[in-house]
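Reader: Could you walk me through how to read a strand and its neighbours in a model like this one? I'd like the general idea first, then the case at hand.

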Amino acid sequence: RTVAVADHRPLAAAVPVRVAGHFNLNGAEIERAQWLGMQALVYLNPKTYWDTVAPAPDEFVFPADGDIVRARDSGFGVSVHLSYPVKGTPKWLDAVPAAKGQWGWQRLIPRPEDRGHWRNYIRQSAEHYRSWVDTWEIISEANGVMSPADYVPLLAAAYEEIKAVDPTMRVVGISATWDFNSDGFAFVEDCLELGAGRYLDVISLHPYTWPRAPEERGVEQMLALVRRLRDTHAPHAEIWATEWSYVSPVCEPGRPVTQKGAEVTDPFATARLTWRHST
């Protein structure tokens, strides 16, 4: 695979940048992260997902201990994802399908009367890792698999439980993605209008623009639009890109606009045009 970037120019940083990365937390990967100058590590791993941590009601296990302690002992800040769209709720939970997300998928979520189990999972995780984890991201890429109305109550419950354990812990929320031609703008806007800004310290984005480079596909413009929403609904919040990559055009089945012989379209520009508050 070959990467060619034309007309490259650096994105201007408005504030000092904290650089983190996704790594498997073994010895070799820790050394690689240190060599790259990473300041924090993002831990997105089934070992912290709800169905792993809570194998039965009121029973909790924490198989991620070794990984997370290794990262902290190596001098990194650690941000942990709590649950993830591709994983289900615990099998013992009487869950219901969420509304269809922007990928046309649905994720099982707890009924309103069962959200106490979700709260318990969040609280137990925060209490167990309070000495090692400083940041929690609540459900990655929720816009692909549920509606804002499904997501915001789960974010609110998680925020309340985490802050009850330690108010200095940061809660990262919304976590919208533009992958698979999804419209992250609409999800961010709708979540904030439903009050999500009261339940987060950071608005997270996954501004994938592949198969082209981010600066070529207008990430600066996208961030300006998101900042407007932030300034209106959650002026206290920072904005983080918690997944973001440069990629080579690849022949990967199922991925939009990168299949061999396919015309390279511009879904990012389309999203800007269809975003209802765009100017």
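**Reading strand E6**

Author: Gladly! This is a predicted model. In strand E6 (residues 135-138), Thr-135 and Glu-137 point one way, while Trp-136 and Ile-138 point the other way, and all are buried.

Reader: Why do side chains in a regular strand alternate in this fashion, or what is the rule to keep in mind?

Author: The general idea is that side chains in a regular strand alternate between the two faces of the sheet. In E6, that puts Thr-135 and Glu-137 on one side and Trp-136 and Ile-138 on the other.

Reader: Which strand pairs with E6 over four bridges, and in what sense?

Author: That is strand E3 (residues 77-82), and the two pair in the parallel sense. To find your place there, look for Leu-82, which stands opposite Ile-138 in E6.

Reader: And how many bridges join E6 to strand E7?

Author: Three bridges join E6 to E7 (residues 170-177), and these strands run parallel. Here Trp-136 stands opposite Val-171 in E7.

Reader: Through which helix does the chain cross from E6 to E7, and is the crossover right-handed or left-handed?

Author: The chain passes through helix H5 (residues 148-165), and this β-α-β crossover is right-handed.

Reader: Lovely. What does the protein as a whole contain, in helices and strands?

Author: There are eight helices and nine strands. Of its 279 residues, 50% count as buried. Among contacts with a separation of 6 or more, 74% come from residues 24 or more positions apart. The accessible surface comes to about 13400 Å², with 51% belonging to carbon and sulfur atoms.

Terms used. Residues are numbered from 1 along each chain as its sequence is written. This is a predicted model: local features need pLDDT of at least 70, side-chain atom pairs count only at pLDDT 80 or more; totals for chains, interfaces and linings use all residues. Side-chain values use heavy atoms; hydrogens and water are left out. Buried means under 20% relative accessible area, exposed over 50%, partly exposed in between (1.4 Å probe, protein chains only). Two strands pair if DSSP finds at least two bridges between them. A crossover is right-handed if, with the strands pointing away from the viewer, the path from the first strand over the helix to the second runs clockwise. Contact means heavy atoms within 4.5 Å. Accessible areas come from the Shrake-Rupley method with a 1.4 Å probe; for residues, only the protein chains shown count as cover.
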